[in-house]
Amino acid sequence: MKLMRLMPEPAGFKPTLLLLVVLLLSTADILAGNNQSGRRESRWFISGGTGAALLTTEFTSDFAILTNEFNHAPGMAFHFEAGRRAGNHLETIVRLDAYTLFGKSDLPEFSAIGKHHSLSELIPGEPVEYITQNSSVSFILRYRFRGSNGSHYRHIRFHPFAEAGIGIHSFIADLRYQQPPSDDVSTLIYRKKDGETPFGVALITAGLGARIGKPGRVNTVLQWNAHVVDYGTIDAVHNYIGDERANTKTLIMKVSGGITIPLQKRQAEHPYLPFAR
């Protein structure tokens, strides 16, 4: 298997989720208590959207990129999130993601053939595909490059942002023949589920985006995200370097569009209704 070595091995990948989540939420409370109005106003919001996700590549712990063994294709992606503004620039968010990943190989030449039991009955030369159902829960810190402007601005405004976070990823991946080889052979070759723990595997996410609209109103949100999953079998096939099974990660790209709805006006005590004027 061909490799391209980029940089030395990092010191550990899996984050300490509990500690970072506590710090994230504590930061939100501290900063929210120091907003300019001096009041602990509700700044909660909810968002949802849809888009596309694509398995981009797999790489080892020392950032050596593996040759793709499939022709990957984008699948549908959905997300829902709830968050809270923390001061003029920061937001803390809990996000739920769900998406499907696809890929095909018309002439399978997997590095795991002859080495992993999952491919022991693979029919040589028969085209195959994978379909993976994914879900994740992430805790995200978002930085808005333009601060809060207050509800007195009546014009549509553009608010770019960057974000990063950690989470837990779960998946079910099916490796199948593209067409039934014969009447007595199942199309399903192998099914792989997430990791060896009941809670899934670790996830790191980062992204860029923009919120477009009037302050205090329903806004449009466009964003791009990269997910690094601490597992290398999202495509249902294990990776080998020589005779050794590789400890790999998976890079998934996601683009989406959606809306965000504030749950209360910043300068009012009454809940905000999306249809109110």
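This dialogue walks through the fold, core and surface of a predicted model.

Trainee: Where do I start, and how many helices and strands are there in the protein?

Mentor: Start with the element count. The protein has 14 strands and 1 helix. Then check sequence separation in the contacts. Of the contacts between residues at least 6 apart in sequence, 74% join residues at least 24 apart.

Trainee: What share of the residues is buried?

Mentor: Burial is read from relative accessible area, with under 20% as the cut-off. Here 45% of the 277 residues are buried. The exposed surface of the protein comes to about 14,600 Å². Carbon and sulfur atoms supply 60% of that area.

Trainee: Which residues have the most contacts inside the largest nonpolar core?

Mentor: Look for buried nonpolar residues joined through their side chains. The largest such core holds 27 residues, and Leu101, Val128 and Leu175 have the most contacts inside it. Elements giving two or more residues to this core include strand E6 (90-105), strand E7 (128-144) and strand E8 (157-177). E8 gives the most, with 4 residues.

Trainee: What does leucine 175 touch?

Mentor: Set aside residues up to four places away in sequence. Leucine 175 then touches, among others, Phe70, Leu119, Val128, Tyr130, Leu188, Ile189 and Val237. Polar or charged names appear too, including Glu129 and Thr187.

Trainee: Now the surface. Which residues make a nonpolar surface patch?

Mentor: Phe80, Val94, Leu96 and Val137 make one of about 310 Å². Take leucine 96, which lies in strand E6.

Trainee: Why does leucine 96 count as partly exposed?

Mentor: Because its relative accessibility is 43%. Partly exposed covers the range between the buried limit of 20% and the exposed limit of 50%.

Methods: Residues numbered from 1 in each chain as written. Predicted model: local features only at pLDDT ≥ 70, side-chain atom pairs only at ≥ 80, totals over all residues. Heavy atoms only, no water. Buried < 20%, exposed > 50% of the residue type's maximum accessible area, 1.4 Å probe, protein only. Contact = heavy atoms within 4.5 Å. Areas by Shrake-Rupley, 256 points an atom, 1.4 Å probe, with all protein chains shown as cover. Core = buried A, V, L, I, M, F, W, Y, C linked by side-chain atoms within 4.5 Å. Patch = residues over 30% accessible without salt bridge, like charges linked within 9 Å, V, L, I, M, F, W, Y side chains within 5 Å. Salt bridge = Lys/Arg side-chain N within 4 Å of Asp/Glu carboxyl O.
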